[in-house]
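Colleague: Could you take me through one part of this model in detail, keeping to what the coordinates support? I would like a connected account rather than a list.

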Amino acid sequence: MHGERAVIPAARKADAAKALERFTDGYNTAYRKSDPAAAAGVETGALLAMEEPRVKAQRVNSPDGNPGFPPLELTDARYTIPKQAGWPKFFVADTASNRNDFRWLLVFTRSRAADPWKVSYLSILSEDEVPAFRTDEDGWAEPVAAGSPAGPALAPGRLSSAYTDYLQTGRGGVFADGPATSGQRATRKKLLKTPQFWTDYRDQPAKPPQYAPVALRTEDGGALAFFAAHHAEQRTMAAGSRVGEVKDPTAKALMQGKPERALILSRISESAARIPPRGPVDVLNRLEGVTAARGK
């Protein structure tokens with residue numbers, strides 16, 4: 001059998017369950033011990049880019065770790081495993097957590113058989129937002145290729161660039177209104193220019209292979225896709241004003257320079273989006289984290 005051509009399940013369900021257990025253990029170790037290496041051992045891609053700075057910031061603020069960190073518990077796992085050819089491979093674990101009443105969807109990926117499974121995306125959805133995935137008679141799901149020329153209305157590989165274009169211009173009609181789309185633009189508009197400061201925003205697509213999007217076919221012929229994007233924000237103070245205290249603990253710990261007249265923040269976002277066969281894309285969940293901070 002040629003592993004690069006054979007269409008086979010990305011993982012066995014028993015291995016998927018072990019991967020989820022390994023992730024949970026590594027996540028809890030990272031935050032209990034303020035250990036970025038523990039995070040890097042179980043995370044990759046967009047999730048690692050977002051979580052690693054948080055753990056590094058925690059180490060700055062709590063060098064001895066956080067023994068009282070409440071362990072994350074992920075239960076009631078439902079695994080959606082596609083049949084795929086070649087590498088990388090991925091699967092999705094849909095779980096309950098002890099953090100809230102929502103479903104946590106974790107995308108596990110690896111680039112070769114010798115690598116451990118790591119989580120590249122995390123999205124938090126309500127039970128009603130989790131779609132029904134298309135599966136074959138054996139229960140295996142169908143992946144949607146990044147190009148997907150004959151697939152949903154928008155190919156998964158175009159999501160990041162379409163999203164960053166939308167945030168910059170508001171044009172295109174690609175995305176449905178919601179907190180991650182029109183809500184983001186409305187919030188930015190309020191901060192573009194105030195008596196105390198003005199804000200410049202820059203958005204860039206997050207590109208493969210580090211930030212490869214993944215998607216699964218849904219029963220309606222559309223897809224649920226996971227993608228990332230880069231964002232930068234510069235807040236410049238008006239004459240006579242100062243930045244003041246930086247309250248975000250991650251930004252504060254990562255700060256380079258002294259924020260007096262300006263504060264520059266780099267962020268990464270990861271999102272889950274429902275791509276219908278027709279009509280606008282609905283961004284169901286968006287998580288964002290600071291990756292760098294600079295003052296001047």
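Modeller: This is a predicted model, and I will start with the helix pair in which H4 passes H5 in a right-handed crossing. Helix H4, residues 159-169, and helix H5, residues 182-191, pack at an angle of about 35°, and their axes are 9 Å apart. On the H4 side the contact is made by Tyr163, Tyr166, Leu167, Gln168 and Thr169, which meet Ser182, Gln184, Arg185 and Arg188 of H5. Sorted by class, this contact of H4 with H5 comprises 3 nonpolar, 4 polar and 2 charged residues.

From the helix pair I turn to the sheet and the helix that lies across it. The sheet is open and has 4 strands in the order S2-S4-S5-S6, with antiparallel pairing. Its edge strands are S2 (74-80) and S6 (118-125), each of which pairs on one side only, and the twist from one strand to the next averages 25°. Between strand S5 (residues 103-110) and S6, which run antiparallel, there are 7 bridges, and Thr109 stands opposite Lys118 in S6. Helix H1, residues 13-33, lies across S2, S4 (89-97), S5 and S6, and runs at about 135° to S2.

The aromatic rings add a further view of these elements, for the structure holds 12 aromatic pairs. In one of them, the rings of Phe23 and Phe108 have centres 6.3 Å apart and planes at 85°, so the pair is edge-to-face. Because Phe23 lies in helix H1 and Phe108 in strand S5, this pair ties together parts that are 85 residues apart in sequence. Phe23 is buried, with a relative accessible area of 4%, and Phe108 is likewise buried, with a relative accessible area of 0%.

Another aromatic pair brings us back to helix H4: Tyr163 and Phe227 are edge-to-face, at 5.6 Å centre to centre and with 75° between the planes. This pair also links distant parts of the chain, since Tyr163 is in H4 and Phe227 is in strand S9 (residues 223-237), 64 residues apart. Both Tyr163 and Phe227 are buried, and Tyr163 is also among the H4 residues that meet H5.

Returning to Phe23 and Phe108, ring pairs link these two with Tyr27, Tyr31, Phe69, Tyr79, Phe91 and Trp117 into a cluster.

Technical notes:
Residues numbered from 1 in each chain as written. Predicted model: local features only at pLDDT ≥ 70, side-chain atom pairs only at ≥ 80, totals over all residues. Heavy atoms only, no water. Axes fitted to C-alpha atoms, helices over the stretch in contact; angles between N-to-C directions. Helix = DSSP H or I, 4+ residues; strand = E, 2+ residues; numbered from the N terminus. Left-handed = near helix turned anticlockwise from the far one by under 90°. Contact = heavy atoms within 4.5 Å. Nonpolar A, V, L, I, M, F, W, Y, C, P; charged D, E, K, R; others polar. Pairing = 2+ DSSP bridges. Phe/Tyr/Trp six-rings, centres within 6.5 Å; stacked < 30°, edge-to-face > 60°. Buried < 20%, exposed > 50% of the residue type's maximum accessible area, 1.4 Å probe, protein only.
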